[in-house]
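Student: Please take me through one part of this structure closely. I would like to start with the salt bridges, then move on to what surrounds them.

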Amino acid sequence: MAEMLPYWRLSGFYFCYFALLGGVAPFLSLYFHHLGFSAARIGELVAIPMLMRCFAPVLWGWLGDRSGQRLLIVRLGALLTALTFTGILWRQDYLWLALIMALHSFFWHAVLPQFETITFGHLGEQSARYSRIRLWGSVGFIVTVVVLGLLLDRFSPAIYPQAMLSIMLAIFCCSLLVPPAPVAATRSALRGDGFLRQLWRPGVLVFFFSAGLMQLSHGPYYTFLTLHLEALGYDRVLIGAMWALGVVAEIILFMVMSVILARFSLKQLLIGSFILAALRWLLLGFWADSLVLLALAQIMHAATFGCFHVVAVHFVQRSFAERYQGQGQALYATLSGCGGALGALYSGYSWNALGAGWSFALASVAATLAALLLLRWMPGRAN
């Protein structure tokens with residue numbers, strides 16, 4: 001029932017979880033640059049959490065579906081993320097940092113797929129309200145981007161690890177406030193085919209492959225956008241504002257997403273997201289020196305991340321029986337992680353060899369390919 005939905009407790013968790021992403025996406029590479037690492041080494045270090053996302057969510061998703069203890073997994077994952085990340089305060093050499101990136105991200109990637117399933121369990125028949133809860137994650141992202149950008153500009157990137165650790169502890173505290181999803185929503189009897197048979201339904205595999213391509217195309221964006229804009233002469237406050245602008249656009253989209261979902265098919269929304277992604281990467285690669293075009297490209301974040309993510313979690317939620325929701329969301333996270341890792345790696349090696357423009361152009365090609373695959377292989381009005 002609507003009055004029983006723990007809206008603010010769910011929203012608070014998303015706020016803190018994506019606040020952490022707001023510190024990682026724009027500023028992690030900046031911190032590694034501050035430590036003196038080359039572009040290739042930065043790409044490798046940024047890719048490690050994404051590589052962990054290639055298998056960690058599947059393991060935790062299987063465990064969540066088998067045990068039904070999704071909330072316990074979320075809480076343990078949040079706590080162990082913070083505990084393992086403390087190692088970054090001791091040493092900053094390459095091998096040690098690689099180990100810390102691997103350890104903390106293994107537990108971090110246990111959290112979101114299981115929490116998405118918990119959220120849909122609470123929503124029940126009100127799944128269209130998901131975007132109204134998820135938008136608070138975008139608010140958390142903005143708050144971190146703006147506040148941390150100001151702090152790093154005023155002080156030094158050396159404070160970055162302490163800031164991230166404080167957010168990780170906040171995620172754990174919020175997880176303690178979230179109630180378990182109703183038993184009927186999370187532990188219903190098995191109906192329909194098994195997980196693998198559901199995976200082979202028309203359009204499902206091509207969706208997961210396209211999710212990987214979307215994250216691959218984000219490689220240069222998440223790894224080097226801040227450094228790219230600094231090289232173009234933008235100061236860190238304005239760079240933080242540009243990151244925030246993209247998420248403001250995303251929040252506005254979330255507020256009207258239920259109307260959009262009622263008017264367009266998931267297939268149409270997915271293809272539209274990829275077309276805008278292809279255009280966005282070209283704008284960032286070749287015309288980011290224009291503040292107007294840079295702002296336009298950042299507004300497109302509403303489609304390339306916001307719309308795509310909401311449609312993706314709805315697609316997974318509708319494509320798998322309740323017993324396999326955790327594995328379905330985990331597979332989405334895993335394929336996204338594989339794409340993100342490949343994107344970070346290729347951009348790390350291409351940034352110096354080919355330059356920013358062509359690195360983003362390759363991202364545009366990946367997004368275009370995904371749009372063509374969905375157009376050809378996904379059923380007409382999928383889900």
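Tutor: We begin with the charged pairs and work outwards from there.

This is a predicted model, so local features need pLDDT of at least 70 and side-chain atom pairs count only at pLDDT 80 or more, while totals for chains, interfaces and linings use all residues. Residues are numbered from 1 along each chain as its sequence is written, and side-chain values use heavy atoms, with hydrogens and water left out.

Start with the principle. Side chains of opposite charge can pair when their charged atoms come close. A salt bridge here is a side-chain nitrogen of Lys or Arg within 4 Å of a carboxyl oxygen of Asp or Glu. The structure holds 4 of these. We look at some of them in turn.

One of them joins Glu-250 to Arg-134, with the closest N and O atoms 3.8 Å apart. This pair links distant parts of the chain. Glu-250 sits in helix α13 (residues 236–263), Arg-134 sits in helix α7, and 116 residues separate them in sequence. Helices are DSSP runs of H or I with at least four residues, strands are E runs of at least two, and both are numbered from the N terminus.

Is each partner buried or exposed? Glu-250 is buried because its relative accessibility is 3%. Arg-134 is buried too, because its relative accessible area is 1%. The cut-offs are simple: buried means under 20% relative accessible area, exposed means over 50%, and partly exposed lies in between, with a 1.4 Å probe and protein chains only.

Now step from Arg-134 to a neighbour. Arg-134 is among the residues that His-309 touches. The others are Glu-116, Tyr-130 and Tyr-332, once residues up to four places away in sequence are set aside. Contact means heavy atoms within 4.5 Å. His-309 lies in helix α16. With a relative accessible area of 6%, His-309 is buried. Its side chain also makes a polar contact of 3.1 Å with the side chain of Tyr-130. A polar contact is a pair of N or O atoms within 3.5 Å; within protein, one must be able to donate a hydrogen and the other to accept it, and residues adjacent in sequence count only if both atoms are side-chain atoms.

Stay with helix α16, which spans residues 301–319 and also holds Phe-315. At 1% relative accessibility, Phe-315 counts as buried. Phe-315 and Phe-207 are 108 residues apart in sequence. In space, their C-alpha atoms are 8.6 Å apart.

Phe-207 leads to the nonpolar core. A nonpolar core is a set of buried Ala, Val, Leu, Ile, Met, Phe, Trp, Tyr and Cys residues joined through side-chain atoms within 4.5 Å. The largest one has 139 residues, and those with the most contacts inside it include Phe-207, Met-164 and Tyr-332. Helix α1 gives the largest share of this core, 16 residues. Met-164 touches Leu-20, Gly-23, Val-24, Phe-85 and Leu-148, not counting residues up to four places away in sequence.

Go back to helix α7, the home of Arg-134. It runs over residues 130–154 and gives the most to a nonpolar surface patch, with 5 residues. The patch covers about 560 Å² and is made by Val-143, Val-146, Val-147, Leu-150, Leu-151, Phe-155 and Val-237. Patches use residues with over 30% relative accessible area and no salt bridge; like charges are joined within 9 Å, and nonpolar side chains (Val, Leu, Ile, Met, Phe, Trp, Tyr) within 5 Å. Areas come from the Shrake-Rupley method with a 1.4 Å probe, and for residues only the protein chains shown count as cover. Val-146 lies in helix α7. It counts as partly exposed because its relative accessibility is 37%.

Two more salt bridges complete the tour. Glu-44 pairs with Arg-41, and their closest N and O atoms are 2.6 Å apart. Why are they about one helical turn apart? They are 3 residues apart in helix α2 (residues 39–52), so about one helical turn separates them. Glu-44 is buried at 13%, whereas Arg-41 is partly exposed at 32%.

Asp-93 and Arg-91 also meet through their side chains, at 2.9 Å from N to O. Asp-93 is partly exposed, with a relative accessible area of 32%. Arg-91 is partly exposed as well, at 40%.
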